[in-house]
Amino acid sequence: MKSFQTLEEVNNYFETALADLDIEYEQKLLMIESNEQQVALTLKKQYEQQKAAIALQHEQEENKLKQNRDQAIEKIEMLFTNKRKVILDNFKNAFEEEKKNYQVNKMELLEQKQAEERRKFQSYTNEQQKLLSQFTYASGLTDAMEREIDNLHQELTDILIKYNQQFEDAEQLFEERCHGLEQRRDEAIETLIDNEAASQSQLDDQLFEALQDLSEKTEKNYEQIEQNFMEKEQSLQEMVFTQQEKINADYDEQREKLFKLQEQALAQFD
């Protein structure tokens, strides 16, 4: 132990020692506080960076989902556009085939009509020749020829009526077939439109569900990093509290030692 010559020397020495101890104690507390603030700021910065990274990832994944949906919509539109073109091409080809068959049928009917008319005219000519050779009186020949003309007129009228009816039937059949083609075309296109709308609606539903799942995942990520941040803050506070307790205990112990040493030094002068 240090030896002292006077009481004043003892008091001055221990007053200085206690002051130095107090200064050292305050410096240690300030250092712990400063370290705590720096670590807390680092933790906060890391937490904000993690939040920003999660937000960026969420935005990128959301954009990717929407981009995939838009690309799928484009493919669907292209697919159904091609299908619509096939339907229209098939209708056009079928219509041209029906039109061709109708025109061929009309030509065949016209040829048949003309053939029957030629046969009737030929038969009429033959009958005229017979009448010219059979009748010697003009009056009888005239009457017979008038009857033949009347018969020819009636037969030609019958032919005209028969083939007009056949022409009308052929035209009606052609119109019915064309109407059927148009109806099937319209129904096919309507079904195509419904299927396209259903496909797009399904993609919209899938996008909605995917965005919901993404939001839930992002929210869990936010909760996780927030939980980690709070746990680290709690650990930091506990560590600081432990360090402060140790410094306080050391400080109290050092003061107690100084007080005992001071008592011993003072006892030399009793």
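Is Arg 69 buried, partly exposed or exposed, and why? Let's work it out, along with a few other puzzles from this structure.

Before we start, note that this is a predicted model, where local features need pLDDT of at least 70, side-chain atom pairs count only at pLDDT 80 or more, and totals for chains, interfaces and linings use all residues. Residues are numbered from 1 along each chain as its sequence is written, and side-chain values use heavy atoms, with hydrogens and water left out.

**Exercise 1. Classify Arg 69, then look at its salt bridges.**

Step 1. Get the scale straight: buried means under 20% relative accessible area, exposed means over 50%, and partly exposed is in between (1.4 Å probe, protein chains only).

Step 2. Arg 69 has a relative accessibility of 22%, so it counts as partly exposed.

Step 3. Now for the partners. A salt bridge needs a side-chain nitrogen of Lys or Arg within 4 Å of a carboxyl oxygen of Asp or Glu. Arg 69 makes one with Asp 70, at 3.5 Å from N to O. It makes another with Asp 204, at 2.3 Å from N to O. That second pair links distant parts of the chain, since Asp 204 sits in helix 2 and Arg 69 in helix 1, 135 residues apart. Helices here are DSSP runs (H or I, at least four residues), numbered from the N terminus.

Step 4. Check the two acids: Asp 70 is partly exposed at 38%, and Asp 204 is partly exposed at 32%.

**Exercise 2. Work out which parts of the chain the salt bridge of Arg 177 and Glu 98 ties together.**

Step 1. Their side chains meet at 3.7 Å, N to O.

Step 2. Arg 177 lies in helix 2 and Glu 98 in helix 1, so the bridge ties together parts that are 79 residues apart in sequence.

Step 3. Compare the cover: Arg 177 is partly exposed at 42%, while Glu 98 is buried at 17%.

Step 4. Step back to the shared partners: Arg 69, Asp 70 and Asp 204 are joined into one network by their salt bridges. The count for the structure comes to 16 salt bridges.

**Exercise 3. Decide how the rings of Tyr 13 and Phe 14 are arranged.**

Step 1. Two numbers are needed: a pair of aromatic rings is described by the distance of the centres and the angle of the planes.

Step 2. Rings of Phe, Tyr and Trp (its six-membered ring) pair if their centres lie within 6.5 Å; planes under 30 degrees apart are stacked, over 60 edge-to-face, and the rest tilted.

Step 3. A search of the whole structure turns up six aromatic pairs. For Tyr 13 and Phe 14 the centres are 5.0 Å apart and the planes stand at 90°, so this pair is edge-to-face.

Step 4. As for cover, Tyr 13 is partly exposed at 38%, but Phe 14 is buried at 3%.

**Exercise 4. Do the same for Tyr 102 and Phe 174, then place them in the chain.**

Step 1. With 4.5 Å from centre to centre and 10° between the planes, this pair is stacked.

Step 2. Tyr 102 belongs to helix 1 (residues 7–134) and Phe 174 to helix 2, so the pair links distant parts of the chain, 72 residues apart.

Step 3. Tyr 102 is buried at 15%, and Phe 174 is buried at 15%.

Step 4. Phe 91 and Phe 95 join Tyr 102 and Phe 174 in one aromatic cluster.

Technical notes: Helix = DSSP H or I, 4+ residues; strand = E, 2+ residues; numbered from the N terminus.
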